[in-house]
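Please open the structure in a viewer and keep the selection panel at hand. The tour below proposes what to select at each stop and states what is found there.

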Amino acid sequence: MLALVIKDFRANWKYVVLGLAVLLTLSLSFIYTALKAPFAVDPDLLIYFLLVIVSSIVFSLLFLMIEQMYNTNMLFASLPISRKQFVVQRYMATYLQFVLALGAHFIGLQIGIYFYEVTDQTILEPIYNPHVWLLNLLAMMFINGFSMPFYFKHGLRKGILIIGLIQCFSCISFVYIMISFTEIWDTFQQLIFTIISLNPFVTIPICIASTLLVSWVSTQISISIYKSKDL
Amino acid sequence: MSNTLEVSNLSKSYKGFHLDNVSFSLPKGYIMGLIGSNGSGKTTIIKIIMNLIMKQSGDVKIFGKDHLANEVEVKKRIGFVYDTPTYYDHLSLTQFKNTIAPFYDEWDDAVYHNLVKRFKLPLHKKLKTFSKGMAMKSAITIALSHNADFIVMDEPTSNLDPVVRRELLDFFRELIQDENKSILFSSHITTDLEQIADYITYINEGKLVFSKTKDEIFEMYALVKGGNELLDTYTKKSFVAVKSLAYGFEALTKDVKATRKLFGNSVVYDKASLEDIMFYTNLETENKVKDASTGY
Amino acid sequence: MGDYKYIEMKIIISNASSEPIYEQIGKQIKAQIISGDLKEGDGLPSIRKLAKELQISVITTKRTYVELEKEGFIDVVAGKGTFVAIQNKELLKEKKMKSVEDLMSDTIMEAQKLGITFEELQEMLVLLYNE
């Protein structure tokens, strides 16, 4: 299984490095651009983390694209690997990619902070809260749970339309609604605050549990889809 | 004698294509060639054996074990070469090998390096720079470096020049010196199979025409040439199909003995090549379709 | 048992001939045994080696050896190899006669096809034998 999970990184390490560098630069430039006027940064960096989530998911899509391009699912189907193992490794590799992506973002922020004297440190407080990064990871895993079965059913070419449309469209419309209707944005912020101010020892396990549940269900669905797929 | 491969009543339907109840077996230690025109079902059969495509009904046993229930165990002993491999062609052969090798318990680097040397493969150039012949040789190298007992190949020689083809055929012949190894490959280059196959399985339009030893096939079939005056509805029926030409006819018989009884020495008998057999069998099918549509 | 004595064997097959390949090989091996080129106890190549060297199917060489064993020309010893069988002097003489008889039958058939009479054939035989 380990060999399967790291195959993406082994075969495509150049893309890994390139992708992570891009993510790092994104976060780095956030420090330089967003903290200055006219980009008044909302104190809770919700928009930033939304971008983190989207960019990290796109990073993981890169590897699906590579797999599609090189037709490697055919190669791996002829190796002594069951379809089930192949599906599971895809999920695990994706989660590993998310973790690496978040790491790259975090490092990018640190580099930016190191070189750019931030006058108001309190703005950046959420960055140092590990719960925030955990929630980001869980959010990515959650969203991924909904899109992966489409990838296994239709492959990336068809699946990406569905995945991309669902994810991008929902993100864009979310941002649009939030920007246009400030009342909704305020209510949403209130909601987030309330959740955050709840005892993290309660909310975090709930988030973890629900994400794991979605991941597990998604994996089972993907396995049954992929098991009967003609390559 | 045990069978490396047993295919029974295999069926699969696509839009416009129907693999119908195909059965054949390959005993251990031999080479079987799978022939048939494009779209006849040979690739489908191979893909089903490797479980790249799901069968709809039938059984496949490899090394005596069901190919689905024991998929991982069975695949450990199979070396598979699929058409023109274009996997990860931005990698070098070494890098590609390092990606694949960990999946096989029995990976043998010594064997791998021997083959690399023998085929003169460059270890550090990107796979996409390889010629077709080299690409096929690398695929074969990888497929053979984990002590596989069953080599399955889909059109391994189809895009290669005659010199490389001959080299590969000689190599396969050498491989089969080990009576524990079996080879199955599909090809539309019938002359390759005539040279090297022990068994030949012919699939036409999704149906099995025959699966026999090469010797049996060439003893059964023959080309028959004679004067057109010898043809009538009765004699025509005794042939697989007939080509009527200006100065005489050429036909294929499936039963040389019966034909000899019927015609004796009034016709000329020639050895039928696999290509002849395929051509006339195909003609037979076309004629049947024509007859059906004209109501005969 | 060590390597068998390296034997010189000459087998040429013709794909174009109407005679099946296993018969061609069988004939040539028999001839070499009868003539003494292949001696009793000489080791023959395995069916796989023979198939490889002649570039033909293993099934063909297997059939050849099966026929030769049936006719008593060779012994296939499991685990050891294939060897030229000990030839009973009487049987060997019989086999030599048979091989010439076979050739004669072929000649007679050809003669009949071409319409040559028995007397003409006899004359030919006397002439050629005295050459």
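Begin with chain B of this predicted model, and select domain 1 of chain B and domain 2 of chain B: their centres, taken over C-alpha atoms, are separated by 34 Å. To make the two selections, use residues 3-212 for domain 1 and residues 221-294 for domain 2, as the domain assignment of chain B gives them. Next, display the contact between these domains, to which domain 1 of chain B contributes eight residues and domain 2 of chain B seven residues. Which helix gives the most to the side of domain 1 of chain B that touches domain 2 of chain B? Select residues 190-196 of chain B: this is helix α7, which supplies three residues to that side. Colouring the side of domain 1 of chain B that touches domain 2 of chain B by class shows three nonpolar, three polar and two charged residues.

Now bring chain A into view together with chain B. Their contact takes 18 residues from chain A and 19 residues from chain B. On the side of chain A that touches chain B, select α1 (2-11) and α4 (72-77) of chain A, the elements that give two or more residues to it. By class, this side of chain A holds ten nonpolar, five polar and three charged residues.

Move on to chain C, where the domain assignment gives domain 1 as residues 21-84 and domain 2 as residues 89-129. The C-alpha centres of these two domains of chain C lie 26 Å apart. In the contact between them, four residues of domain 1 of chain C meet five residues of domain 2 of chain C. The side of domain 1 of chain C that touches domain 2 of chain C consists, by class, of two nonpolar, one polar and one charged residues.

Remain with chain C and select its strands β1, β2 and β3. In what order do the three strands form their open sheet? The order is β1-β3-β2 in chain C, with antiparallel pairing. At the edges are β1 (43-44) and β2 (74-77) of chain C, each of which pairs on one side only. Select residues 81-84 of chain C to highlight β3, which runs antiparallel to β2(C) and is joined to it by four bridges. Label I74(C) as well; opposite it stands V84(C) in β3(C).

For the last stop, select residues 58-70 of chain C. This is helix α3 of chain C, which lies across β2 and β3 of chain C and runs at about 115 degrees to β2(C).

Methods:
Residues numbered from 1 in each chain as written. Chains lettered and ligands numbered in written order. Predicted model: local features only at pLDDT ≥ 70, side-chain atom pairs only at ≥ 80, totals over all residues. Pairing = 2+ DSSP bridges. Contact = placed C-beta atoms within 7 Å. Axes fitted to C-alpha atoms, helices over the stretch in contact; angles between N-to-C directions. Nonpolar A, V, L, I, M, F, W, Y, C, P; charged D, E, K, R; others polar. Domains from an automatic or database assignment.
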